[in-house]
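Please work through the exercises below with the sequence and the model side by side, and try each task before you read its solution.

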Amino acid sequence: MERYEINKWLEEHSTRINDLKNAIKPEVITERLSALSENMQAPDFWNNSNKAKKVTKESSQLEKKLQTYTTLEAQLNDILAFAEASKEDEEMMDMLLIEMD
């Protein structure tokens with residue numbers, strides 16, 4: 001893979017991660033998770049099992065969504081760091097290509 005192909009790949013994936021961020025709004029998810037957590041800490045939370053089940057399910061789904069986004073963003077940031085370091089280091093270029101797979 002040539003440098004221009006790497007740059008194109010990085011640009012495309014940066015755009016995808018940014019689009020994903022705009023779509024799922026991680027800051028909104030974090031706020032909602034905080035509210036759900038506070039709700040689940042209430043002493044009477046488990047009194048209504050149907051409501052408790054619904055709240056815990058929503059919390060679990062949001063946590064999974066946020067974790068997936070966070071992982072993807074971290075991986076892209078790692079690849080971007082490799083790309084920067086690989087500009088002058090052939091060994092780093094090899095590591096970058098492995099990370100991009």
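Two exercises follow, one on a helix and one on the nonpolar cores.

The model is predicted, so local features need pLDDT of at least 70 and side-chain atom pairs count only at pLDDT 80 or more, while totals for chains, interfaces and linings use all residues. Residues are numbered from 1 along each chain as its sequence is written, and side-chain values use heavy atoms, with hydrogens and water left out.

**Exercise 1.** Determine which residues of α1 are buried and how they are arranged about the helix axis.

Step 1. Helices are DSSP runs (H or I, at least four residues), numbered from the N terminus, and buried means under 20% relative accessible area, exposed over 50% (1.4 Å probe, protein chains only).

Step 2. In α1, the buried residues are I6, W9, L10, I17 and I24.

Step 3. Seen down the axis, the buried residues of α1 fall within an arc of 100° (taken from the directions from the axis to the C-beta atoms), so they line one face of the helix.

Step 4. Y4, K8, E11 and A23 are exposed on the other side of α1.

**Exercise 2.** Find which helix gives the largest share of the largest nonpolar core.

Step 1. A nonpolar core is a set of buried Ala, Val, Leu, Ile, Met, Phe, Trp, Tyr and Cys residues joined through side-chain atoms within 4.5 Å.

Step 2. The largest such core has 12 residues, including I17, L33, F45 and L66.

Step 3. Two or more residues each come from α1 (3-24), α2 (26-40) and α3 (49-85), and the largest share, six residues, is that of α3.

Step 4. A second, separate core has 10 residues, among them I6, L10, I79 and M100.
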